[in-house]
Amino acid sequence: MNHSGLDLTSLLSLSFSALIDELHDRLNELGFGDIRPAHGFMFKHIIPDGATGIELAEHLGITKQAVSKMVDYLEKSGYVIRQTHPNDKRGKIIVLTERGRQVMKAKEEIIAEIEQRWIDNIGAERMLMLKEDLTKLVYEANEGKISSRSKPVW
């Protein structure tokens, strides 16, 4: 394959897509085929103590109604449950179930395996440099923080 024709945007997009596609293929094989990338990003905000719908809406940059639909879907699938908020008996907090914790553990193991394969391919030093360089570029582009407009999906 001729690699010289791909610009940086294409390379970043294709490498990201390859990782996410493999992650979801493997999650599907493990019985988690109903999980989508946006769910994983939501799960990261729920860990360890749960989150309210309003907190999740702000974190995801979507409406409270969209969060409610997502939580309904994930609750029916057994990944999250709504519980009475510990500090506000009228409010609800969304927490991961055992199944939700299992999919997060599986995701971490799969990502580690993929990253190790990439390290085996390009070397540990180059992988570290790549991660450091991308981190610097992300933070520079967003003035030292992760932008509310750009969010990782897992």
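**Helix H4, its neighbours and the charged pairs**

In this predicted model, the buried residues of helix H4 pack against H2, H3, strand S1 (80–84) and S2. Those buried residues include Val67, Met70, Val71 and Leu74. Around the axis they cover an arc of only 100°, which puts them on the same side of H4. A general feature of helices helps here: an α-helix has 3.6 residues a turn, so residues three or four places apart point the same way. The face of H4 turned away from its buried side carries exposed residues, namely Gln65, Lys69 and Lys76.

The length of H4 can be checked in a simple way. With 13 residues at 1.5 Å a residue, H4 should span 18 Å, and its end C-alpha atoms are indeed 18 Å apart, so expectation and model agree. After H4 comes Gly78, whose phi is positive, near 90°.

A wider view brings in the nonpolar core. In soluble globular proteins, nonpolar side chains tend to be buried together. Here the largest nonpolar core has 28 residues, and among those with the most contacts inside it are Met42, Phe43, Leu74 and Tyr79. At least two residues each are supplied by helix H1 (8–29), helix H2 (37–46), helix H3 (53–60), helix H4 (64–76), strand S2 (92–96) and helix H5 (98–122). H5 gives the largest share of this core, six residues. Phe43 offers a good place to start exploring: leaving aside residues up to four places away in sequence, Phe43 touches Ile35, Leu74, Tyr79, Val80, Leu96, Val103 and Met104.

Charged side chains add another layer to the picture. Side chains of opposite charge can pair when their charged atoms come close. The structure holds nine salt bridges. One of them joins Glu22 to Arg26, with the closest N and O atoms 3.6 Å apart. Because Glu22 and Arg26 are four residues apart in helix H1, about one helical turn separates them. Glu22 also meets Arg117 in a salt bridge, at 2.6 Å from N to O. Since Glu22 lies in helix H1 and Arg117 in helix H5, this pair ties together parts that are 95 residues apart in sequence. Arg26 is partly exposed, with a relative accessible area of 23%, and Arg117 is also partly exposed, at 42% relative accessibility. Together with Glu113, the residues Glu22, Arg26 and Arg117 are linked in a network of salt bridges.

Another salt bridge returns the story to H4. Arg82 pairs with Glu75, their closest N and O atoms being 2.6 Å apart. Arg82 counts as partly exposed at 27% relative accessibility, and Glu75 is partly exposed with a relative accessible area of 30%.

Key: Residues numbered from 1 in each chain as written. Predicted model: local features only at pLDDT ≥ 70, side-chain atom pairs only at ≥ 80, totals over all residues. Heavy atoms only, no water. Core = buried A, V, L, I, M, F, W, Y, C linked by side-chain atoms within 4.5 Å. Buried < 20%, exposed > 50% of the residue type's maximum accessible area, 1.4 Å probe, protein only. Contact = heavy atoms within 4.5 Å. Expected span 1.5 Å × (residues − 1). Arc of directions from axis to C-beta. Salt bridge = Lys/Arg side-chain N within 4 Å of Asp/Glu carboxyl O.
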